[in-house]
Amino acid sequence: MSSPRVAIVTGAGSGFGAGIAQRFAKDGVAVVVADVAEEGGNKVAQDIVAKGGKAIFVKCDVTKREAWENVLAETTAAFGGVNFVINNAGATYASKPVLETTEADFDKVNDVNLKSIFYSVHVMVPALLETRKKGGPAAVVNVASTAGIMGRPGLTWYCASKAAAISVTKNLAIEFGPDQIRFNAICPVFGNTGLKHMFVGQASEEQIIKTIPLGRASEPEDIANSTVFLCSDEASFLTGVALPVDGGRLA
Ligand SMILES: NC(=O)c1ccc[n+]([C@@H]2O[C@H](COP(=O)([O-])OP(=O)(O)OC[C@H]3O[C@@H](n4cnc5c(N)ncnc54)[C@H](O)[C@@H]3O)[C@@H](O)[C@H]2O)c1
């Protein structure tokens, strides 16, 4: 990828998002690290800059429209536009039987995992249309989950929010195909990140890993490589895809 390209990565202060931001930077893409967590977000941006890459941190709560508008303004001021938007920030409640889940659990996963994409679309798609008018590439990747494709009892509302993220991805791919804005989803399996302990529930980590044919949890590098590929010119005919990055879990 050539250096003028610009990526906004939400939830890039840790876990998969940090890996995605670092991977983009390695390819010369300028990165906007957007996260509600200031310490982690600042550190990721500073590390990228220290290694010779281009990055800024913008504090952002993806559940607020104004935060998205601020991210776009800061991105435009720093880098002149945007090519790639990675809707990665996500949240869950700790795995529990559905009858023990609360309305707050439901609202949390739907606000952070789904409504955030509503704001992302309304704020970022007009900017991506401008990018396309100038002839630049434009792509969006929504970080969903294998849990959006298969059942994961104990995480019913989380699964539903991720299934919705996949549905949104497909609909947007169709609607903005004529504009050449591509929308794809990544579906990670159980991964080594800060959210991991919330997914475990009554099963042990070892039992979960046994269900993954390649015999390990996903790592930020796995998710980053696939996400950056989906934004690359090599993926220019891929849109509406929900790509499992799952060591064969869904096979
Ligand atoms: N770890 C897994 O097993 C797994 C599996 C499948 C999908 N996912 C998805 O991957 C994505 C990244 O999660 P992760 O596993 O790297 O976890 P993580 O906790 O390491 O990272 C999530 C990041 O999102 C940020 N965030 C949370 N709420 C936010 C908000 N309202 N606004 C802005 N930022 C916010 C957090 O500060 C954090 O930096 C999520 O969408 C998650 O659902 C994770």
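The exercises below, each with a worked solution, look at strands, a helix, salt bridges and aromatic rings.

The model is predicted, so that local features need pLDDT of at least 70 and side-chain atom pairs count only at pLDDT 80 or more, while totals for chains, interfaces and linings use all residues. Residues are numbered from 1 along each chain as its sequence is written, and side-chain values use heavy atoms, with hydrogens and water left out.

**Exercise 1.** Determine which residues of strand β4 lie on each side, and whether they are buried or exposed.

*Solution.* Begin with the terms: strands (E, at least two residues) and helices (H or I, at least four) are DSSP runs, numbered from the N terminus, and buried means under 20% relative accessible area, exposed over 50%, and partly exposed in between, with a 1.4 Å probe and protein chains only. In a regular strand the side chains alternate between the two faces of the sheet. In β4, residues 84-87, this places Phe-84 and Ile-86 on one side and Val-85 and Asn-87 on the other, and these residues are all buried, which leaves both faces covered.

**Exercise 2.** Find which strands pair with β4, and in which sense β1 does so.

*Solution.* Two strands pair if DSSP finds at least two bridges between them. Strand β1, residues 6-10, meets this rule with three bridges to β4 in the parallel sense, and within this pairing Ile-8 has Val-85 as its bridge partner. Strand β5, residues 138-143, also runs parallel to β4 and is joined to it by four bridges, with Ala-139 of β5 standing opposite Phe-84. From β4 the chain passes through helix α4, residues 103-133, to reach β5, in a right-handed β-α-β crossover (with the strands pointing away from the viewer, the path from the first strand over the helix to the second runs clockwise).

**Exercise 3.** Check what span α4 should have, and state where α4 bends.

*Solution.* The expected span is 1.5 Å times one less than the number of residues. For the 31 residues of α4 this gives 45 Å, and the end C-alpha atoms are 43 Å apart, which agrees. The helix nevertheless bends by about 45° at Asp-111, where the bend is the angle between axes fitted to the seven residues ending there and the seven starting there.

**Exercise 4.** Describe the salt bridge of Arg-5, and say where its two residues lie.

*Solution.* A salt bridge needs a side-chain nitrogen of Lys or Arg within 4 Å of a carboxyl oxygen of Asp or Glu, and by this rule the count comes to 10. Arg-5 forms one of them with Asp-233, their closest N and O atoms being 3.1 Å apart. The pair links distant parts of the chain, 228 residues apart, since Arg-5 lies in the segment before β1 and Asp-233 in the loop between α8 (220-231) and β7 (242-245). Arg-5 is buried at 12% relative accessible area, whereas Asp-233 is partly exposed at 46%.

**Exercise 5.** Classify the aromatic pair of Phe-24 and Phe-84.

*Solution.* Rings of Phe, Tyr and Trp (its six-membered ring) pair if their centres lie within 6.5 Å, and planes under 30 degrees apart count as stacked, over 60 as edge-to-face and the rest as tilted. The whole structure holds five aromatic pairs. For Phe-24 and Phe-84 the centres are 5.8 Å apart and the planes stand at 10°, so the pair is stacked. Phe-24 belongs to helix α1, residues 15-26, and Phe-84 to strand β4, 60 residues apart. Phe-24 is buried at 0% relative accessibility, and Phe-84 is buried with a relative accessible area of 0%.
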